[in-house]
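Here is a friendly walk through some side-chain and backbone details that may be handy to have beside you at the bench. Have the sequence and the 3D view open as you read.

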Amino acid sequence: DGCGYTLLGPESGTLASINYPQTSPNSTVCEWEIRVKPGQRVQLKFGDFDIDDSDSCHSSYLRVHNGIGPNRTEIGKYCGFGFQMDRLITSKSNEVTVQFMSGIHSSGRGFLAAYSTTDKSDLITCLDNASHFSEPEFNKYCPAGCVIPFADISGTIPHGYRDSSSLCMAGVHAGVVSNTLGGQINVVISKGIPYYEGSLANNVTSKVGPLSASLFTFKTSGCYGTLGMESGVIPDSHITSSSILEWPNQTGQVNIWKPENARLKRIGPPWAAFISDEHQWLQIDLNKEKKITGIITTGSTLAEHYYYVSAYRILYSDDAQKWTVYREPGMGKDKIFQGNTDLYQEVRNNFIPPIIARFFRINPLKWHQKIAMKVELLGCQFSIGRAPKITLPPPPQNNNDEKNAYFVDDFIHSVRTSLQTDKTTFTPEIKNTTVTPSVTKDVALAAVLVPVLVMVFTTLILILVCAWHWRNRKKKTEGTYDLPYWDRAGWWKGMKQFFPTKSAEHEETPVRYSSSEISHLRPRQVPTALQTESAEYAQPLVGGIVGMLHQRSTFKPEEGKEASYADLDPYNSPIQEVYHAYAEPLPVTAPEYATPIIMDMSSHPSTPLGAPSISTFKAAGNQAPPLVGTCNKLLSRTDSASSAQALYDIPKGQPGLGSAAQLMYQVPQSMVHPTVSKGE
């Protein structure tokens, strides 16, 4: 009478003392006899151990034996409060006896233990949770029987489970392992979420949970997609039932709850059977064989009709004639699935191992008021390799035809039996899609190569654009009137002309003006007008404008000496025999482009004949520039000094020479006009 919660599976199981985790009653005893397959051994692991040791294990203890019966041998005797046993207790054979004795005591929870075969080296118990492990991802083996009443979980798939949840119990809820068989789980730890939903699945109720630091999910194979009830992939003609509920409403209209109404999340009434008994069924034709891994059901979803199915069986077939009831491996009875507890909540049940069939049938066994439900199937496509070609071996060399025929029939029967056995006993690996399946190597390789190729092509395009831009800029800067690259006085001196001046007032802007426009300006505005806009070639220095010398001057400074134009007046200095380099060599007879502009006042209508020519250049200081001397000096710089009027080249795009009045510049006000009497 001292046996508590117990589930002994063929390869693993769970056992606990009576009333665990509460104090066990006095003077109770229990023995568990554990057997596994011959040739294997048993290992025992304690999840919790708390037995009174006040009398040194005399009346209260736990004893483990090798073997069963009178010939068993003792492995060990254990007692103690909060006893920690990290090591596994291993048997010498495939049979073990566990004996629990509870004497007179006042405290102690008793014990909870798990067992498995020794090939499951990563065995854990039903009490282990994610917080007991520090690895971000790990594999463990869960024993059978972890749906225990004294443990709880919070969360659901695919969002994950709270880190305080029992790993193995959550694995059963997620459909990763079976409660009656146990199995391997692959756990992934990640950051927690603020809220954990609750749900009912595989006879395990998950509770609503609060915020936690971390959560865990299960890595799976991904065969848990919907098979077409909700989406309509399965046509109405492929959904049939044993009977259909028909009834008239208050207006006299007949309501028919047809089998095609049994689509999950479809608005409206469900399918309902006309007669509520255990012989009713809902059948779904999948059109071809599919791997079916689970089912989701709801009730009527209509508040005025509180109908739902609370328990059912599953049958499957390949031809809709011969049906097989679903059973778990090693179990001699049909599996009864827990259904709904209300008309709204979705309840999921998983098939471990999965069902391989075309026709699927639900047989309700328990219901509330009437049989009514909506359904969705979970699974994926099923593909099986071609059956091996049967090649008959040569018959024995004798003349007995009956023996030969018997040999052939026996061989074909053995091959068919082998194929049928392989098909029925094949158990695909089953996992649950609680996380996104891992990508394949090809997808991972593509994810790396695509960004690399994009970066390479982008870099090539940028290089080509930069080269084209540099080439165009080089052509633009090395124009007809610019110095060749090899003829520039040093890299720095050649590049200075591209840099903007520090003063905004010296900024070079294109200017187009006529002599008539300048004639209307005051003398102090002439230099400003001349430097505001440049022609297509470099303009000459006029009016003593110092600012323009800091920009693109056509004069080349002397080698080894940086010319400073801040305080130098080039036209009051003695004339030196210095020939400046220009952008293009000038002909011997052509005038220089930098020749100063000379105003011939004698051609002005208001000026008496014989008046001397006036230079537009301003002398240093506030005094007016000398009239005759300056003119003579400047005229000596020309190749033809015989005439006081020098001809100048007209810039490209400028109109030809106009009248003499249009070519006259306004005489500065500081200069005094010579007066000539009419008699002269």
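Trp-257 and Tyr-307 are both buried in this predicted model. Their rings form a tilted aromatic pair, with 6.1 Å from centre to centre and 55 degrees between the planes. Trp-257 belongs to strand S20 (residues 254-257), while Tyr-307 sits in the loop between strand S22 (282-298) and strand S23 (308-317), so the pair ties together parts that are 50 residues apart in sequence.

How many aromatic pairs does the structure hold? There are 19 aromatic pairs. One of them joins Phe-46 and Tyr-78: the ring centres are 6.5 Å apart and the planes meet at 65 degrees, so this pair is edge-to-face. Phe-46 comes from strand S4 (residues 42-50) and Tyr-78 from strand S6 (residues 73-78), so the contact between the rings ties together parts 32 residues apart in sequence. Phe-46 and Tyr-78 are both buried. The two rings also take part in a cluster, in which ring pairs link Trp-32, Phe-46, Phe-49, Tyr-78, Phe-100 and Phe-111.

The table sets the two pairs side by side.

| Aromatic pair | Centre to centre | Angle between planes | Arrangement |
|---|---|---|---|
| Phe-46 and Tyr-78 | 6.5 Å | 65 degrees | edge-to-face |
| Trp-257 and Tyr-307 | 6.1 Å | 55 degrees | tilted |

Aromatic rings also meet charged side chains here. Arg-361 lies over the face of Trp-281, at 3.9 Å from the ring centre. Lys-335 is placed over the face of Phe-337, and its distance from that ring centre is 5.2 Å.

Now to the backbone. Most residues other than glycine have a negative phi, and most peptide bonds are trans. Where, then, is a cis peptide bond found? One joins Tyr-20 and Pro-21, with omega at about 5 degrees. Pro-21 is part of the loop between strand S2 (12-17) and strand S3 (28-35). Another cis bond runs from Ile-157 to Pro-158, where omega is near 0 degrees. Pro-158 is likewise a loop residue, between strand S11 (155-156) and strand S12 (160-162).

Positive phi values in residues other than glycine turn up at Ala-320, near 65 degrees, and at Gln-369, near 70 degrees. Ala-320 lies in the loop between S23 and strand S24 (324-325). Gln-369 is in the loop between strand S26 (347-368) and strand S27 (372-381). Is Gln-369 buried or exposed? Its relative accessible area is 53%, so Gln-369 is exposed. Ala-320 has a relative accessibility of 24%, so this residue counts as partly exposed.

Last comes Ile-239, a residue of strand S18 (residues 239-241). With 3% relative accessibility, Ile-239 counts as buried, because buried means under 20%. Which residues does Ile-239 contact, leaving aside its neighbours within four places in sequence? They are Met-229, Ile-234, Pro-259, Glu-260, Arg-263, Leu-282 and Gln-283. For one of these contacts, Arg-263, the C-alpha atom is separated from that of Ile-239 by 9.7 Å, and the two residues are 24 residues apart along the chain.

Notes: Residues are numbered from 1 along each chain as its sequence is written. This is a predicted model: local features need pLDDT of at least 70, side-chain atom pairs count only at pLDDT 80 or more; totals for chains, interfaces and linings use all residues. Side-chain values use heavy atoms; hydrogens and water are left out. Rings of Phe, Tyr and Trp (its six-membered ring) pair if their centres lie within 6.5 Å; planes under 30 degrees apart count as stacked, over 60 as edge-to-face and the rest as tilted. Helices (H or I, at least four residues) and strands (E, at least two) are DSSP runs, numbered from the N terminus. Buried means under 20% relative accessible area, exposed over 50%, partly exposed in between (1.4 Å probe, protein chains only). A charge sits over a ring if NZ of Lys or CZ of Arg is within 6 Å of the ring centre and within 35 degrees of the ring normal. Contact means heavy atoms within 4.5 Å.
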